[in-house]
Amino acid sequence: MEKRKNKKIVIKVSDLSKSFNNNIVLKNINFQLFEGESLAIIGASGSGKSVLLKNIIGILQPDKGSIEINNTEMVNLPRNLKEKILLDLGITFQHGALFDSLKNWENIIFKKANKEKMNNKQGKKLAFSIIKQLGLQPEILDLYPSEISGGMQKRVAIARAVVMNPKYLFCDEPNSGLDPKTAILIDKLIHEITTEYQITTVINSHDMNSVIEIGENIVFLKVFRTNSCKDS
């Protein structure tokens, strides 16, 4: 592809396999992703989409295989070195994973505030600058996650993921539990963020509208009778 001419491979997964209690979930997964591109991981429920994503971002450890991010092998990488790589990752989880005890603005700046010193005024100002781009009103900043809608929670989670200006964005089922109209808005939002900031984005989804809107590349996980899965 011509547009890949001057781009480098930034994520490379080779022969990745993962099992739980002898139950094969992932088997010999292979793909690579170029800088600034997007990838959609698709497949039926139970095919291992979330497991694959969690292996890539380091929450789970594969049984075998290789995961390279920006030419750094992540498997068995010492924790202090892995944490430096993870600073370049923005992550949203299927159910938001927002902290119920923190206000929305505190959720948004949580990662950055742990890395840099900032007072409440600075934190709110930063959170406000992010949510403006995501179509949220400033009134939600002083509310708790339980006081806003599911769609708003998803956008707050995205705001938290992008506040550090990540090189890579990983989204686990970004449209889970949303009505069709809100799901379309989230798809467009992720696509716009990927394009505008040239972020390398990986999503997993069972929603084909998301795949069409976001996914330049696709990894398909297929469930077998043995409950193993592979890319095809």
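How many helices and strands does the protein have? Colour by secondary structure and you get eight helices and ten strands, where helices (H or I, at least four residues) and strands (E, at least two) are DSSP runs numbered from the N terminus. Before you click further: this is a predicted model, with local features needing pLDDT of at least 70, side-chain atom pairs counting only at pLDDT 80 or more, and totals for chains, interfaces and linings using all residues. Residues are numbered from 1 along each chain as its sequence is written, and side-chain values use heavy atoms, with hydrogens and water left out.

**Zoom out**

Show the C-alpha atoms alone: along the principal axes they fill a box of roughly 50 × 45 × 40 Å. The radius of gyration is 18 Å, which agrees with the value near 17 Å for a compact globule of 232 residues. That quantity is taken over C-alpha atoms, and the globule rule is 2.2 Å times the number of residues to the power 0.38.

**The four-stranded sheet**

Now select β1 (9-20), β2 (23-34), β4 (residues 64-69) and β5 (72-73). They form an open sheet in the order β2-β1-β4-β5, with antiparallel pairing; two strands pair if DSSP finds at least two bridges between them. β2 and β5 are the edge strands with a single partner each, so one side of each has no neighbour in the sheet. Look at β4 and β5, joined by two bridges in the antiparallel sense: glutamate 68 has glutamate 73 of β5 as its bridge partner.

Add helix α1 (residues 49-56), which lies across β1, β2 and β4 at about 60 degrees to β2. Contact here means heavy atoms within 4.5 Å; axes are lines fitted to C-alpha atoms, for helices over the stretch in contact, and angles run from 0 to 180 degrees between N-to-C directions.

**Pockets**

Switch to a surface. On a 1 Å grid over the protein atoms alone, a pocket is an open set of points with protein on both sides within 12 Å along at least five of seven lines, a cavity is a set where a 1.4 Å probe fits but cannot get out, and lining residues have an atom within 4 Å of a point. Grid points are joined across faces, edges and corners, and a volume is the space filled by probe spheres set on the points.

Which residues lie nearest the centre of the largest pocket? Select Leu89, Ile91, Phe93, Lys111 and Arg160, from a lining of 15 residues. The volume is about 380 Å³. β6 (89-92), α4 (110-115) and α6 each give two or more lining residues, and β6 has the largest share, with three. By class the lining splits into eleven nonpolar, two polar and two charged residues (Ala, Val, Leu, Ile, Met, Phe, Trp, Tyr, Cys and Pro count as nonpolar, Asp, Glu, Lys and Arg as charged, the others, Gly among them, as polar).

Next, pick Ile130, Gln133, Val162, Ile193 and Tyr197, nearest the centre of the second largest pocket. This one holds about 240 Å³, and α7 (180-197) gives the most to its lining, with five residues.

**Cavities**

Finally, clip into the interior for two cavities of 30 Å³ or more. The largest cavity, about 40 Å³, has Phe93, Lys154 and Asp172 among its lining residues. Helix α6 (residues 150-162) gives the largest share there, three residues. For the second largest cavity, select residues including Asn55, Leu60 and Met74; its lining has six nonpolar, three polar and one charged residues.
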